[in-house]
Amino acid sequence: TSFEGWVRDHHAGRSVLRLRYEAHATLAQHSGEQILAEVSHMYGLQAAGCVHRVGVLEIGEVAVWVGVCAAHREAAFAACRLIIDRIKAEVPIWKHEHYANNEKSWVGASFVKRS
């Protein structure tokens, strides 16, 4: 089973021109590998993988791909969904949307303010 996340031309009622993804590469790699290992163990997967791009991406490009191989489709679909949900929630990859009105916004990112 696989999932592809494509760059859309809209978000929350706004027209999106492109995205820029940034990541803490070392931490993202480690976090992603840990998620794959945990979900593989949880669902008894035969294989699992995930690729998330960084940099500027245009509308219609693939931003993220998840693939899993399992003996049964129920496990494959559930594992695939859990992997993408956890990647989005836990891996230090940040999305910067560029809108048609020349505004920009970080989406789904929380920043810690240091004093």
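Visitor: Which residues of the largest nonpolar core touch the most other members?
Guide: This is a predicted model, so local features need pLDDT of at least 70, side-chain atom pairs count only at pLDDT 80 or more, and totals for chains, interfaces and linings use all residues. Side-chain values use heavy atoms, with hydrogens and water left out, and residues are numbered from 1 along each chain as its sequence is written. A nonpolar core is a set of buried Ala, Val, Leu, Ile, Met, Phe, Trp, Tyr and Cys residues joined through side-chain atoms within 4.5 Å. Of the 26 residues in the largest one, the ones you're after are Tyr 21, Val 39, Leu 45, Val 68, Ile 83 and Val 91.

Visitor: Which element gives the largest share of this core?
Guide: Elements here are DSSP runs numbered from the N terminus: helices (H or I, at least four residues) and strands (E, at least two). Strand 3, helix 1, strand 6 (62-69), helix 2 and strand 7 each give two or more residues to this core. With seven residues, the largest share comes from helix 2.

Visitor: Is Val 91 buried or exposed?
Guide: Val 91 sits in the loop between helix 2 and strand 7. It touches (heavy atoms within 4.5 Å) Ala 28, Ser 31, Gly 32, Ile 35 and Arg 86, not counting residues up to four places away in sequence. Buried means under 20% relative accessible area and exposed over 50%, with partly exposed in between (1.4 Å probe, protein chains only). Because its relative accessible area is 7%, Val 91 is buried.

Visitor: Why do the buried residues of helix 1 lie on the same side?
Guide: Helix 1 (residues 25-43) has Ala 28, Ser 31, Gly 32, Ile 35, Leu 36, Val 39 and Ser 40 buried. Exposed Thr 26 and His 41 are on the face turned away from that buried side. The arc is taken from the directions from the helix axis to the C-beta atoms. The buried residues share a side because they cover an arc of only 165 degrees.

Visitor: What do the buried residues of helix 1 pack against?
Guide: Take Val 39: leaving aside neighbours within four places in sequence, it is in contact with Leu 45, Ala 79, Leu 82, Ile 83 and Arg 86. For the buried residues of helix 1 as a set, the packing partners are strand 3 (14-23), strand 4 (47-52), helix 2 (73-90) and strand 7 (93-99).

Visitor: How far apart are the C-alpha atoms of Ile 87 and Leu 36?
Guide: Ile 87 lies in helix 2 and counts as buried because its relative accessibility is 6%. Beyond its neighbours within four places in sequence, Ile 87 is in contact with Gly 32, Ile 35, Cys 50 and His 52. Ile 87 and Leu 36 are 51 residues apart along the chain, yet the C-alpha separation is 9.3 Å.

Visitor: What is the relative accessible area of His 98?
Guide: His 98 is a strand 7 residue. Its contacts, leaving aside neighbours within four places in sequence, include Leu 17, Leu 19, Glu 103 and Lys 104. His 98 is buried, at 9%.

Visitor: Which residues are closest to the centre of the largest pocket?
Guide: The largest pocket has a volume of about 660 Å³, and 28 residues line it. Helix 2 supplies the largest share of that lining, five residues. Closest to the centre are Tyr 21, His 52, Lys 88, Lys 95 and Val 107.

Notes: On a 1 Å grid over the protein atoms alone, a cavity is a set of points where a 1.4 Å probe fits but cannot get out, and a pocket is an open set with protein on both sides within 12 Å along at least five of seven lines; lining residues have an atom within 4 Å of a point. Grid points are joined across faces, edges and corners, and a volume is the space filled by probe spheres set on the points.
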